[in-house]
Amino acid sequence: MATAPAAVKVRRVVVALDASAPGKAALEAAAALAARLDAELVAVFVEDINLLHLAGLPFAREIGYPSAIRRSIDAPAMERTMRLFADEARRSVELFAERTPLRWTFEVTRGSLPEQLLESAAEAEFIIAALAGSERAALQLAEMCKESGSSSLLWARTRRELEALLRELRRREE
Amino acid sequence: MSEPLAASGRRLAPAQLRRKCSLAEAGFATTDELPDTTDLVGQPRAVEAIRFGVGIRSAGYNLFAMGPDGHGRHTTVRRLLAERAPHEPLPQDWCYVFNFDTPHKPARLDLPAGRAIQFKQDMQRLVEGLRAGIPAVFETDEYRARQQEIETEFNDRQQQAMGAIGEKARKEGIALLRTPAGFAFAPMHKDGVLEPDQFRALPEAERQRIEATIAALQEELEVVIQEVPKWRREAQRKMRELNRQVTLSAVSSLIAELTAQYAALAQVCRYLAKVQEDVLDHAEIFRQPKEGEQPTLFGIPLARPEPGESPLRRYQVNVFVEHSKSDGAPIVYEDNPNHGNLVGRIEHIAQMGMLVTDFTLIKAGALHRANGGYLILDALKVLTHPFSWDALKRALRSGEIRAESPAQALGLISTVSLEPEPIPLDVKVVLVGERLIYYLLYEYDPEFRELFKVASDFEEIIERTGSSELAQARTIAMLVRSEKLRPLDRAAVERMIEHGSRYAGDAERLSLHLRGLADLLRETDYWAQTAGRALATAEDVQRAIDARERRQDRIRHRLQQEVLRGTLLIASEGARVGQVNGLAVLQLGGFAFGMPNRITARVRLGGGKVVDIEREAELGGPIHSKGVLILSGFLAGRYAVRQPLSLAASLVFEQSYSGVEGDSASSAELYALLSALAGAPIRQSLAVTGSVNQHGDIQAIGGVNEKIEGFFDLCRARALDGTQGVLIPASNVQHLMLRDELVEAVAAGRFHLYAVENVDQGMEILTGIPADILNRRVEERLLDFASRARAPAAGEGPKKAWRRRPQP
């Protein structure tokens with residue numbers, strides 16, 4: 001976690017998501033935040049290259065949680081799933097923007113996430129990352145944020161963490 | 001025609017025609033001066049029976065108050081019960097509460113009288129207290145800290161297990177990745193996952209090693225993931241335990257307080273203990289907001305069934321029967337004793353097109369309300385409402401009341417309903433009904449005898465003595481006051497009493513028909529008001545009686561008119577053989593009147609049979625036929641005993657086109673017959689009533705007053721000439737309560753009444769011929785018939801030949 005810079009005009013809120021569960025809540029929270037702060041929302045959907053690589057391996061298996069059922073995965077299916085998640089995220093933002101005036105962009109990136117994300121986040125004061133599947137990427141991102149010292153990163157791996165984080169955000173606002 | 005000598009001895013004096021009532025000695029001028037009386041006039045037998053039936057506490061000694069309508073059965077029963085009930089203990093209160101063990105069988109709580117409502121309020125306060133107290137304890141930091149502790153423990157456990165596997169994998173150069181639906185292992189290369197091409201480039205042995213390692217890791221991971229639900233359950237159990245503990249801290253003090261209040265009532269304490277257990281198990285329902293969102297179905301808002309409709313309903317108390325405002329044993333009269341009103345009902349509420357019910361919707365019936373006291377029911381109503389009679393008997397026999405629908409009782413429905421715990425029954429039931437109902441039930445319903453062992457039989461009449469007249473005067477005075485009518489002066493009271501005697505059809509009896517009495521009083525009051533009098537007089541009473549008669553006498557008037565016009569042939573002068581004026585009573589609604597009826601007899605030689613034309617035409621009833629057969633017996637036994645009765649006679653009620661019943665005309669028929677046999681004309685200015693036996697004695701008949709007045713009215717319409725009169729049985733003289741104008745006519749010698757003891761006396765008056773001469777003429781005629789009957793037998797031969805049928 002990080003501390004928010006006080007009394008700075010917020011221009012951009014970046015939200016980073018991947019194909020994991022807490023994404024939608026993070027997206028909505030970020031959108032709400034951006035709308036309230038009159039900032040631009042930059043949503044970045046990350047197609048984790050590692051997962052795609054894994055899906056390409058001949059012995060790739062996924063163990064379901066919480067069912068513990070083992071099933072094989074392949075690259076096309078993995079890509080389809082990611083596209084599906086990305087589309088869903090995009091629709092969420094669109095829906096939100098229909099209700100609330102909001103400037104927004106939505107991009108889907110694949111591969112080495114942190115550099116690209118940081119690029120889009122260079123001028124952002126808030127970065128919300130809900131990247132359960134891309135832990136490494138998130139860690140890297142955090143590292144970079146710390147180095148640059150310009151923006152604050154809010155990072156959640158699980159739904160519970162995200163909820164705690166959003167509570168914290170609200171409290172700060174008050 | 002002048003009156004025969006024989007008649008004068010049997011003539012009745014005016015004083016015998018109407019027994020006057022005189023209350024001069026009672027020393028009152030108006031009814032205002034008469035004190036109220038608590039005694040019930042003329043019903044000692046019924047009152048004794050009620051006191052006995054009410055006093056005896058054994059099972060089956062319920063009462064049946066029987067007697068005709070309008071004789072004060074309800075009033076008497078109520079009054080006697082009201083005397084007793086206030087001195088008897090108050091019965092306890094009954095409540096229904098939720099049964100936590102078997103919800104479809106609501107449990108019963110017995111509370112001392114008057115405490116049920118208090119208990120209901122206490123339970124309401126308890127629930128309110130819990131609503132406030134329980135959410136509060138869940139808001140404390142203590143609870144939150146412990147809740148987080150449990151959650152964290154679970155999360156840590158999970159993460160540690162996963163982390164351990166991830167660590168182990170990393171040492172083997174394998175990464176644990178989160179996939180959209182779970183976890184997967186992948187071989188690492190530098191910072192990322194090994195690309196498929198790179199993997200294929202690896203030596204075969206290395207590839208196999210990786211695959212084997214991953215397979216082993218996957219198995220381990222599976223084991224861990226399978227453990228997770230178990231850990232979660234454990235965490236949930238801990239949470240429940242925590243919730244119970246926390247809830248208990250809020251609940252126990254509240255319930256303990258209430259338990260202390262009701263410490264003497266073990267049943268209530270047990271119930272409270274169960275409430276506590278249930279609250280601990282269902283604490284979450286107290287944590288929901290009181291006014292939640294309106295329920296919707298496909299977005300359409302639904303009406304809330306009831307404000308109290310919530311899971312908290314189960315802690316309500318249904319105060320079923322309570323006695324906080326009563327003193328003494330209850331007296332309940334159920335006017336509409338249908339099944340539900342008698343044994344209680346279980347109501348339903350429509351909820352989204354379904355009918356639902358619960359223990360709060362059990363409603364008490366009359367048996368419940370009267371429990372511990374008295375229940376008065378109208379026998380006919382109970383019997384005519386479907387299933388009520390059976391339900392009443394079942395409750396009395398089993399000594400408990402089950403609130404159930406008739407369909408449930410008959411086993412016709414199988415949908416889920418409630419079976420409330422039965423309530424023990426201790427009630428005295430008083431059925432009020434006609435005698436016929438009592439005797440029919442006694443005969444045909446074996447259970448009735450066991451359940452209603454005490455019959456209270458109400459009198460319709462009372463002997464008329466000075467004291468009973470005075471008692472009746474007091475009753476009149478009381479009715480006048482209770483109905484808020486004008487007081488009556490003494491003459492009016494006397495007139496009322498005389499009317500009561502007339503109503504009873506007996507100068508020595510008084511009618512106890514209270515409703516009739518009250519009606520006449522109201523009508524008298526009306527006429528007194530019309531006349532502008534503050535005090536009702538005998539004139540008003542007479543006017544009320546006359547007006548009532550006038551309202552009802554259309555048919556009598558029409559019949560009289562037809563007689564006067566000569567359409568109906570009734571003579572009231574002259575004399576004729578074989579023809580006599582009989583008297584019949586017609587009753588229509590509540591009005592009875594007498595009408596003369598011509599009876600004729602024709603005789604000829606024959607086979608000894610008296611033909612009753614009424615019977616042959618099937619217009620005569622069995623009693624009438626019996627009367628005719630008796631007079632044949634009289635004839636056969638008295639005249640020409642040694643000869644066969646060779647008479648063929650026919651008797652008829654002329655111009656009678658509907659049924660004739662009763663034997664009160666049998667003497668008239670006999671007179672007509674004897675007149676025909678003796679050839680002695682009968683004075684048509686006289687009319688006759690009375691039945692006859694085989695010895696020729698004249699016997700009493702009913703409706704003597706109406707009959708006499710019927711003939712009198714006709715004669716008066718044609719002008720009274722001093723010859724007209726009526727023959728009545730001597731034994732009916734005591735029943736005479738005739739109209740004043742008739743008595744005056746008799747006193748003036750313009751009309752006569754004769755009391756007759758036997759046929760001979762009657763014949764002498766009717767024909768003016770002494771009985772011995774008449775009887776000889778009858779005997780001679782019959783002997784003549786007998787000898788003529790024998791004569792053709794001598795010449796039987798040729799007659800037979802004449803009669804023989806020609807051979808073909």
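Guide: Let us begin with a definition: a residue is buried if 20 or more other C-beta atoms lie within 10 Å of its own, and exposed if 12 or fewer do. Please keep in mind that this is a predicted model.

Visitor: Thanks! Which residues are buried in helix α13 of chain B?

Guide: A general idea helps here. An α-helix has 3.6 residues a turn, so residues three or four places apart point the same way. In α13(B), which spans residues 388-398, the buried residues are Ser388(B), Trp389(B), Ala391(B), Leu392(B), Ala395(B) and Leu396(B). Viewed down the axis of α13(B), the buried residues fall within an arc of 165°, so they line one face of the helix. Just after α13(B) comes Gly399(B), with a positive phi near 70°.

Visitor: Now a strand, please. How many residues of strand β32 of chain B are buried?

Guide: The general point first: in a regular strand the side chains alternate between the two faces of the sheet. For β32(B), residues 752-756, 5 of the 5 residues are buried, so the strand is largely enclosed by the rest of the structure. His752(B), Tyr754(B) and Val756(B) cover one side, while Leu753(B) and Ala755(B) are buried on the other.

Visitor: Where does β32(B) sit in its sheet?

Guide: Follow the strand order. The sheet is open, has 7 strands with mixed pairing, and reads β25-β26-β24-β23-β28-β31-β32 in chain B. Its edge strands are β25 (609-612) and β32 of chain B, each pairing on one side only. Ignoring direction, neighbouring strands of this sheet are turned by 30° against each other on average.

Visitor: In which sense do β31 and β32 of chain B pair, parallel or antiparallel?

Guide: Parallel: β31(B), residues 725-729, and β32(B) are joined over 5 bridges. To trace the register, look at Val726(B), which stands opposite Leu753(B), and at Ile728(B), whose bridge partner is Ala755(B). Helix α26 of chain B, residues 740-747, completes the picture: β31(B), α26(B) and β32(B) make a right-handed β-α-β unit.

Visitor: Let us turn to the two chains. How many residues does each give to the contact?

Guide: As a general note, the size of an interface is often given as the accessible area lost when the parts come together. Here we can count residues instead: 25 residues come from chain B and 25 residues from chain A. On the chain B side, the elements giving two or more residues are β4 (174-179), β5 (182-189), β6 (192-193), α6 (196-201) and α7 (204-261). The largest share, 9 residues, comes from α7(B). By class, this side has 15 nonpolar, 5 polar and 5 charged residues.

Visitor: Which strand of chain A is joined to β5(B)?

Guide: That is β3 of chain A, residues 61-64, which runs antiparallel to β5(B) and is joined to that strand by 2 bridges. Look for Ile63(A) opposite Phe183(B).

Visitor: What does chain A contain in the way of helices and strands?

Guide: Chain A has 6 helices and 7 strands, in the pattern β-α-β-α-β-β-α-β-α-β-α-β-α along the sequence. Of its 174 residues, 40% are buried.

Visitor: One last residue: what does Ala717(B) touch?

Guide: Find Ala717(B) in helix α25 of chain B, residues 704-718. Leaving out residues up to four places away in sequence, Ala717(B) touches Gln560(B) and Leu564(B). Ala717(B) counts as partly exposed because 13 C-beta neighbours lie inside 10 Å.

Conventions:
Residues are numbered from 1 along each chain as its sequence is written. Chains are lettered from A and ligands numbered from 1 in the order in which they are written. This is a predicted model: local features need pLDDT of at least 70, side-chain atom pairs count only at pLDDT 80 or more; totals for chains, interfaces and linings use all residues. Helices (H or I, at least four residues) and strands (E, at least two) are DSSP runs, numbered from the N terminus. Two strands pair if DSSP finds at least two bridges between them. A crossover is right-handed if, with the strands pointing away from the viewer, the path from the first strand over the helix to the second runs clockwise. Axes are lines fitted to C-alpha atoms, for helices over the stretch in contact, and angles run from 0 to 180 degrees between N-to-C directions. The arc is that of the directions from the helix axis to the C-beta atoms. Two residues are in contact if their C-beta atoms, placed from the backbone, lie within 7 Å. Ala, Val, Leu, Ile, Met, Phe, Trp, Tyr, Cys and Pro count as nonpolar, Asp, Glu, Lys and Arg as charged, and the others, Gly among them, as polar.
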